[in-house]
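User: Please go through the terms applied to the structure below, and justify each one against its definition.

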Amino acid sequence: MKLKEIYQLAVEMGMEADPRGKQAVERDLRLTRKSYEKLEAEDKAFFDTESLTNPYSDTRILWGDPEKEVKRILVGIDIEAGELLLADRLREKGKEIDLVLAHHPEGRAFAALHQVMHIQSDLLYQWGVPVNIAESIMAGRIKEVMRNVMPYNHQRPVDVARLLEIPLMCCHTPSDNLVTSWLQKYLDEKQPETIADLLKVLKTIPEYAEAARQGAGPTIFVGDESRRCGRIFVDMTGGTGGSEDAYDEWAKAGVGTLVGMHISEKHRERAEKARVNVVIAGHIASDSLGMNLFLDRLEAAGIEIIPCSGLIRVKR
């Protein structure tokens, strides 16, 4: 496959698995195109034209020729200078690396991380929260993430990739959409009754089982094993953690148990006050599950995958 085909497949799979549904994704693209058309010529020069066809600002080809043929990929959850130097060292030892693929965004994809967080507003709306409340809840948090991300040296790993002439790409929200969709369906089928049952079900999934063996498996953050789950909501997409104000709205919407990747202490306290059970399945294990669903498609096309940087590679 060519690099551009891998990128396009990531976007397509992310859109297919988007928990908001196809109409919401098409609405995003339509609004982006309208915004672009209204810009003056001088402003269009600074517009990210990839967003006209890719609704996920945190997924991009960061460096490299889109026409390059890719036969072997080094894939990790986090890719920094160390992993790129590893790729270069592997090339020196005779193992050609055609692409380094990160899950977490870097470069302009990291700088634009906050732009995918509106997905969380749409999910609140889908659960019955009035759209004005859903958008108001997320507005402050989106601006907070934008301010927090701005000081970072976004281009640091991209510059390393450029100097070493190693193509670099990241796949974030599409992968998170894949794990969210897959895991929600899995839990809906298994219908665990109690939190204890939920933990057992999660540990039947190879990525979470391996994480548990490594000491980072599914963990109860709010509630206890004897509590009944009620309606389970898998919350693993939308860039990063949302607003702590959302937990009151999840409770009103009927969510009994939230299954997530990670949660801050401030968010945990709000969930406890809202009496919403919270089970953290595990960050890296969840990221691995989402990436694996994508990587299986690449392997089926004949591409060799070399996992690194925490990726728990499981084939399905």
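Analyst: Helices (H or I, at least four residues) and strands (E, at least two) are DSSP runs, numbered from the N terminus. Asp176 is located in helix H9, which covers residues 173-190. This is a predicted model, in which local features need pLDDT of at least 70, side-chain atom pairs count only at pLDDT 80 or more, and totals for chains, interfaces and linings use all residues. Residues are numbered from 1 along each chain as its sequence is written, and side-chain values use heavy atoms, with hydrogens and water left out.

User: What makes Glu92 exposed?

Analyst: The term exposed requires over 50% relative accessible area, buried means under 20%, and partly exposed lies in between (1.4 Å probe, protein chains only). Glu92 has a relative accessible area of 58%, and is therefore exposed. Arg89, with 46%, is partly exposed.

User: Why is the contact between Glu92 and Arg89 called a salt bridge?

Analyst: A salt bridge is a side-chain nitrogen of Lys or Arg within 4 Å of a carboxyl oxygen of Asp or Glu. The closest N and O atoms of Glu92 and Arg89 are 3.5 Å apart, so the pair meets the criterion. The two residues are three apart in helix H4, and therefore separated by about one helical turn.

User: How do you know that Lys266 and Glu244 form a salt bridge?

Analyst: Their N to O distance is 3.9 Å, so the pair satisfies the cut-off. Lys266 belongs to helix H13 (residues 265-273), whereas Glu244 lies in the loop between strand S6 (231-235) and helix H12 (246-253), so the salt bridge ties together parts that are 22 residues apart in sequence. Glu244 has a relative accessible area of 19% and therefore counts as buried, while Lys266, at 42%, is partly exposed.

User: Why is Arg141 called buried, and which residue is its salt-bridge partner?

Analyst: Arg141 has 15% relative accessibility, so the term buried applies. The partner is Glu144, with the closest N and O atoms 3.4 Å apart. Glu144 is partly exposed at 27%. Both residues are in helix H7 (residues 131-149), three residues apart.

User: What is the nearest side chain of opposite charge to Asp176, and how far away is it?

Analyst: Lys and Arg count as positive and Asp and Glu as negative; His and the chain ends are not counted. The nearest such side chain is Arg20, 12 Å away, and the buried Asp176 has no salt bridge. Arg20 is itself part of a salt-bridge network with Asp18, Arg27, Asp28 and Asp122.
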